[in-house]
Amino acid sequence: MVVNFPDISALLKHAKNQSLYQNLVAQLQKDFVFANVFIELPDNISPKDLKTLVHEKVYYLIMEKFTDYLNLLYIIDVPEKVVKAIEATDVVEISEQVTFEILKREWQKVWFRNEYGS
């Protein structure tokens, strides 16, 4: 059962409680590499630091490398309609909400693989 999370902290706490947090970090690292976007995520990264690093990277991509940002969203498979539905007044808010959407999608991948994988 995939849970609907109110915010990033709740999602990351749930991942930790399910003992799938490391899998989530690995999935993020894999998809960022696949999208050719460098992000350094140490194995022992805390949920707070993970949130901050991903948010900073998304903000940077929106501001400096928009094509890479779009490619990352495509690779991760964040639905375009979800991104277009974001109502925010500045890039910081937009990047925070996009970060949440990225983490939710990555969590879905990890959860489904854990639940139905071999």
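## Helix α6 in the predicted model

Helices in this description are DSSP runs of at least four residues, numbered from the N terminus. The structure is a predicted model. One such helix, α6, covers residues 91-116, and V92 is found in this helix. R105 lies in helix α6 as well.

## The nonpolar core

The largest nonpolar core has 35 residues. Those that touch the most other members are L11, L28, F32, L50, I102 and W107. Two or more residues of this core are given by each of α1 (8-17), α2 (21-34), α3 (47-64), α4 (66-76) and α6. The largest share comes from α6, with seven residues.

I102 shows which parts of the chain meet at one of these core members. When neighbours within four places in sequence are left aside, I102 is in contact with L28, V58, L72, L73, I76 and V78.

## A nonpolar patch on the surface

Nonpolar residues also appear on the surface, where Y59, M63 and V92 form a patch. Together these three residues have about 260 Å² of accessible area. For V92, the relative accessible area is 40%, so this residue is classed as partly exposed. A residue of a patch must have over 30% relative accessible area, and V92 passes that cut-off with its 40%.

## R105 and D77

The side chains of R105 and D77 make a polar contact at 3.2 Å. Beyond its neighbours within four places in sequence, R105 is in contact with I76, D77 and V78. Two of these residues, I76 and V78, are also in contact with I102.

D77 is found in the loop between α4 and α5 (80-84). With a relative accessible area of 42%, D77 is partly exposed.

## Positive phi angles

Most residues other than glycine have a negative phi. D77 departs from this pattern: its phi is positive, about 80°, although D77 is not a glycine. N36 is another non-glycine residue with a positive phi, near 65°.

Both residues are placed in loops: N36 in the one between α2 and α3, and D77 in the one between α4 and α5. Their exposure is classed separately. N36 has 69% relative accessibility and therefore counts as exposed, whereas D77, at 42%, is partly exposed.

Conventions. Residues are numbered from 1 along each chain as its sequence is written. This is a predicted model: local features need pLDDT of at least 70, side-chain atom pairs count only at pLDDT 80 or more; totals for chains, interfaces and linings use all residues. Side-chain values use heavy atoms; hydrogens and water are left out. Patches are made of residues with over 30% relative accessible area and no salt bridge: like charges are joined within 9 Å, nonpolar side chains (Val, Leu, Ile, Met, Phe, Trp, Tyr) within 5 Å. Accessible areas come from the Shrake-Rupley method with a 1.4 Å probe; for residues, only the protein chains shown count as cover. A salt bridge is a side-chain nitrogen of Lys or Arg within 4 Å of a carboxyl oxygen of Asp or Glu. Buried means under 20% relative accessible area, exposed over 50%, partly exposed in between (1.4 Å probe, protein chains only). A nonpolar core is a set of buried Ala, Val, Leu, Ile, Met, Phe, Trp, Tyr and Cys residues joined through side-chain atoms within 4.5 Å. Contact means heavy atoms within 4.5 Å. A polar contact is a pair of N or O atoms within 3.5 Å; within protein, one must be able to donate a hydrogen and the other to accept it, and residues adjacent in sequence count only if both atoms are side-chain atoms.
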